[in-house]
Amino acid sequence: MFNSKTLKDAISSGEFNPAFNYLYGKKSNGMQYRYSEAVDEFVALFGNSEDIRVFSAPGRSEIGGNHTDHQHGCVLCAGIDLDIIAIVKKTDNGIIRVKSKGYPMDVIDLGELEPKPEETDHAPSLIRGVAARFNQLGYKIGGFDAYTTSNVLKGSGLSSSAAFEVMICTLLNNLYNEGKMSPVEVAKVSQYAENVFFGKPCGLLDQMACSVSGFVGIDFKDTESPIIEKVEFDFSKVGHSLCIVDTGGSHSDLTDEYAAVPSEMKQVAAFFGKEVLRDVDADEFYGSIAVLRRKVSDRAILRAIHFFEDNERAVKLKDYLKNNDFDGFLKTVSESGRSSLAYLQNVYASSAPSEQGLTLALGITERLLGDRGAFRVHGGG
């Protein structure tokens, strides 16, 4: 149990260093300052307390399986060393107050757990949605004050919203439920908040990667009980690192473009009497394209092609790493990227085709890398 002084003393004395090394690796050196500054900001906002706690929730990177999760497909993903940290104290007033660095304070009355239209696409909807789902599932909820700071870039495809949802779940889970909610259920609650309250029809990949963390392959065929497999692989031993390039764009205001991907895939699935493409036979799909073109758009068909191929690639990528076939892994990552560009077509907005910074970055990266490494669009595009 910490107050502000004992917490800062523990940080500066190195008591947290093992945790920092685990979470951040080579980046751990700057974390003492980051966490101490967050404690100071918390105290300035909410005052001291004899029970201040510290939490972290990571962003995530998608390695394989681009837009396959919402069709109950397979993915390969990883938690990353960019995260949200929260300094928190429990309160007994039934109010959640969250002040995120750079944003106004969000105040949620836990007596009001219905979706509010004015909160759609804004952070308060995520807090309210998480609390509502906890309540619906019979978990305890209660108030807390939290200061958060994040280096998970918003709109970057690193799942800043999923990391935030997972953080709120983690706080309620630990402050009021003794950590009884499993990481898988945390992910599902987070997805519910984003789908129903925030208004974004995302699949479960983002939340699962942030909640489970590590390097994982996930099969979403049964979304109630997804199959999760940890993959142990040390990229440093093969002389490679994951680098995420900031192209200067953002998909934070492209919800409609994002929503069109699962919508169009489901149009194709509906032609075969199914809800999602995972339940459609690939050979039957390819044999029906001529008829499909009279029922759905060409883009919908192209996106379905991407699903069938990238779903298989996600499984191959996991197996390549397990079998130490790094050349096969790199080749397949690039294949996934080219499919996202040509078939999924999620690297630029159809409403603004002249703005293609991400496509340009992919072209430059391909030339720079040559036959070294691999490249692909990250996340939702």
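**Exercise 1. Check the length of helix α11 (residues 298-322) against its expected span.**

Step 1. Count the residues: α11 has 25 of them. Helices (H or I, at least four residues) and strands (E, at least two) are DSSP runs, numbered from the N terminus.

Step 2. Work out the expectation. The expected span is 1.5 Å times one less than the number of residues, so α11 should span 36 Å.

Step 3. Compare. The end C-alpha atoms of α11 are 37 Å apart, which agrees.

Before we go on, a word on the model: it is predicted, so local features need pLDDT of at least 70 and side-chain atom pairs count only at pLDDT 80 or more, while totals for chains, interfaces and linings use all residues. Residues are numbered from 1 along each chain as its sequence is written, and side-chain values use heavy atoms, with hydrogens and water left out.

**Exercise 2. Describe the backbone and setting of N324, then do likewise for D121.**

Step 1. N324 follows α11 and sits in the loop between α11 and α12 (326-344).

Step 2. Its phi is near 60°, a positive value in a residue other than glycine.

Step 3. N324 counts as exposed, at 61% relative accessibility. The classes are buried (under 20% relative accessible area), exposed (over 50%) and partly exposed (in between), with a 1.4 Å probe and protein chains only.

Step 4. Turn to D121, in the loop between β4 and α4 (123-136). Phi of D121 is near 70°, again positive in a residue other than glycine, and D121 is partly exposed with a relative accessible area of 36%.

**Exercise 3. Find the salt bridge partners of R60, D219 and E264, and say which parts of the chain they link.**

Step 1. Set the criterion: a side-chain nitrogen of Lys or Arg within 4 Å of a carboxyl oxygen of Asp or Glu. A search of the whole structure gives 22 salt bridges.

Step 2. Start with R60, whose side chain meets that of D206 at 2.8 Å, N to O. R60 belongs to strand β1 (residues 53-64) and D206 to helix α7 (residues 205-212), 146 residues apart, so this pair links distant parts of the chain. R60 is buried at 2% relative accessibility, and D206 is buried at 16%.

Step 3. D219 pairs with R278, the closest N and O atoms being 2.9 Å apart. D219 lies in strand β6 and R278 in the loop between α8 and α9 (282-287), so the bridge ties together parts that are 59 residues apart in sequence.

Step 4. E264 pairs with R303, the closest N and O atoms being 3.0 Å apart. Here helix α8 holds E264 and helix α11 holds R303, so the pair ties together parts 39 residues apart in sequence. Both E264 and R303 are buried.

Step 5. Look for shared partners: E229, K318 and K322 are joined by salt bridges into one network.

**Exercise 4. Which geometry does the ring pair of F215 and F235 have: stacked, tilted or edge-to-face?**

Step 1. Rings of Phe, Tyr and Trp (its six-membered ring) pair if their centres lie within 6.5 Å; planes under 30 degrees apart are stacked, over 60 edge-to-face, and the rest tilted. The whole structure has 19 aromatic pairs.

Step 2. The ring centres of F215 and F235 are 5.8 Å apart and the planes are at 45°, so the pair is tilted.

Step 3. F215 is in strand β6 (residues 215-219) and F235 in the loop between β7 (227-230) and α8 (255-271), so the pair ties together parts that are 20 residues apart in sequence.

Step 4. Compare burial: F215 is buried, with a relative accessible area of 11%, whereas F235 is partly exposed at 24%.

Step 5. Elsewhere, ring pairs link F2, F16, F20, Y24 and Y35 into a cluster.

**Exercise 5. Which charged residues lie over the faces of Y192 and Y258?**

Step 1. The test asks for NZ of Lys or CZ of Arg within 6 Å of the ring centre and within 35 degrees of the ring normal.

Step 2. Over Y192 lies R133, at 4.6 Å from the ring centre.

Step 3. Over Y258 lies K200, at 4.5 Å from the ring centre.
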